[in-house]
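Me: I am new to this structure. Please take a close look at a single part of it, the strands and the loops that go with them, and explain what is found there.

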Amino acid sequence: MPAVSLIRRTGPVLLCLLLATFSSLAAAQAQKAPAYEPQSGQEGKDVVWVPTPQVLVDKMLDMAKVTPNDFVMDLGSGDGRTVITAAKRGARALGVEYNPDMVELSKRNAEKEGVAGKASFVKADLFETDFSKASVITMFLLPDINLKLRPKILDLKPGTRIVSNSFNMGDWVADERVTLTPDQGCTTSWCVSLLWIVPAKAAGTHKLPQGELTLKQEFQVLTGTLRAGGRTVPIAGGKVRGEEITFKAGGKDYRGRMNGKSLELR
Ligand SMILES: C[S@@+](CC[C@H](N)C(=O)[O-])C[C@H]1O[C@@H](n2cnc3c(N)ncnc32)[C@H](O)[C@@H]1O
């Protein structure tokens, strides 16, 4: 039988077959795997996933004074909410997350929220991540993990802001601590935001026009003496906040700035 008449005769059958194939493909498409839905408390590499309440995310970023000039990194970024919120404030933000499903979910969330250009996510172990370029670090980890990260954090550029949901940093007392109440919209157990500002390294003896200042440093707290005019007086209330130094000595208030290793007193 010539090919043309074969097509004419089998045409309707072919059409039916094609329609059947298309409709089963469409049905398969409709039944494709449901979107990944994380469960609060699910296992993570070193910490389970529990999301920070959005109201606390906002507070953490407020306390860190995030602006469009910042580069924010969230260590263990979960569903990406902190990174996305920082990106909505105009900052460049990067989430580091070990669970690849959470990374993909975060990328979809950032797309949906229209901030994919500012919010990025990498599948990585936070312990093997270089976060030295961050101006703000956010985290909701555990006290022992914070402690493990602490030496690296203390070596960051002075002035880098660190905000943690609920967990502390051992004997490095936070510069600020705020607890949100249910009235303020925080109804879970995770309503405390802690802020640290990486202090410049100010310990040592500084020969200054004002005298010889000898400083001991314990994180952001300074103690020591000022020797001037043949008198040595102890300093009181010594603080280092980023590069800014403040203390009292001999009844006078002093203010200064660490410029690398050298101190300039005003
Ligand atoms: C308590 S959740 C916090 C999530 C998010 N930062 C927030 O505040 O909503 C901790 C996250 O850290 C991730 N995580 C645990 N160990 C990690 C590691 N070694 N490296 C990177 N991410 C890790 C978990 O998968 C989880 O998503």
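Reply: Lys 65 is placed in the loop between helix H2 (54-63) and strand S1; helices (H or I, at least four residues) and strands (E, at least two) are DSSP runs, numbered from the N terminus. The model is a predicted one, in which local features need pLDDT of at least 70, side-chain atom pairs count only at pLDDT 80 or more, and totals for chains, interfaces and linings use all residues. Residues are numbered from 1 along each chain as its sequence is written, and side-chain values use heavy atoms, with hydrogens and water left out.

Although Lys 65 is not a glycine, its phi is positive, at about 50°. Lys 65 is exposed because its relative accessible area is 56%; buried means under 20% of that area, exposed over 50%, and partly exposed in between (1.4 Å probe, protein chains only).

After that loop comes S1, which spans residues 71-75 and pairs with strand S4 in the parallel sense over 4 bridges. Strands count as paired if DSSP finds at least two bridges between them. In this pairing, Val 72 has Val 136 of S4 as its bridge partner.

S4 itself covers residues 136-139: Val 136 and Thr 138 point one way, Ile 137 and Met 139 point the other way, and all are buried. S4 also pairs with strand S5 (residues 161-165), again in the parallel sense and over 4 bridges. There, Ile 137 has Ile 162 of S5 as its bridge partner. To get from S4 to S5, the chain passes through helix H5 (residues 143-154), and this β-α-β crossover is right-handed. Right-handed means that, with the strands pointing away from the viewer, the path from the first strand over the helix to the second runs clockwise.

The loop between S5 and S6 holds Ser 166. Like Lys 65, Ser 166 is not a glycine yet has a positive phi, here of about 70°. Ser 166 is buried because its relative accessible area is 17%.

Phe 167 belongs to the loop between S5 and strand S6 (176-179), and its partner Phe 140 to the loop between S4 and H5, 27 residues apart. The pair is one of 6 aromatic pairs found in a search of the whole structure. Rings of Phe, Tyr and Trp (its six-membered ring) pair if their centres lie within 6.5 Å; planes under 30 degrees apart count as stacked, over 60 as edge-to-face and the rest as tilted. Phe 140 and Phe 167 are stacked, at 6.2 Å centre to centre with 20° between the planes. Both of these residues are buried.

Phe 167 also pairs with Trp 190, and here the rings are tilted, with 5.6 Å from centre to centre and 55° between the planes. Trp 190 lies in the loop between S6 and strand S7 (192-197), 23 residues from Phe 167, so this pair too links distant parts of the chain. Phe 167 counts as buried because its relative accessible area is 16%, whereas Trp 190 is partly exposed because its value is 27%. Together, Phe 140, Phe 167 and Trp 190 form one aromatic cluster.

Another aromatic residue, Tyr 98, is set against charged side chains. The charged end of Lys 123 sits over the ring of Tyr 98, 3.8 Å from its centre, and Lys 45 lies over the face of Tyr 98 at 5.6 Å from the ring centre. A charge sits over a ring if NZ of Lys or CZ of Arg is within 6 Å of the ring centre and within 35 degrees of the ring normal.

Tyr 98 also takes part in a contact with the ligand: one of its backbone N or O atoms lies 3.2 Å from a ligand nitrogen atom. A polar contact is a pair of N or O atoms within 3.5 Å. A polar side-chain atom of Glu 97 lies 2.6 Å from an oxygen atom of the ligand, and one of Asp 125 lies 3.0 Å from a nitrogen atom of the ligand. In total, 20 residues surround the ligand, and the closest are Asp 46, Thr 52, Gly 76, Glu 97 and Leu 126; a residue is counted if one of its heavy atoms lies within 4 Å.

Notes:
Polar contact = N/O pair within 3.5 Å; in protein donor to acceptor, adjacent residues only side chain to side chain.
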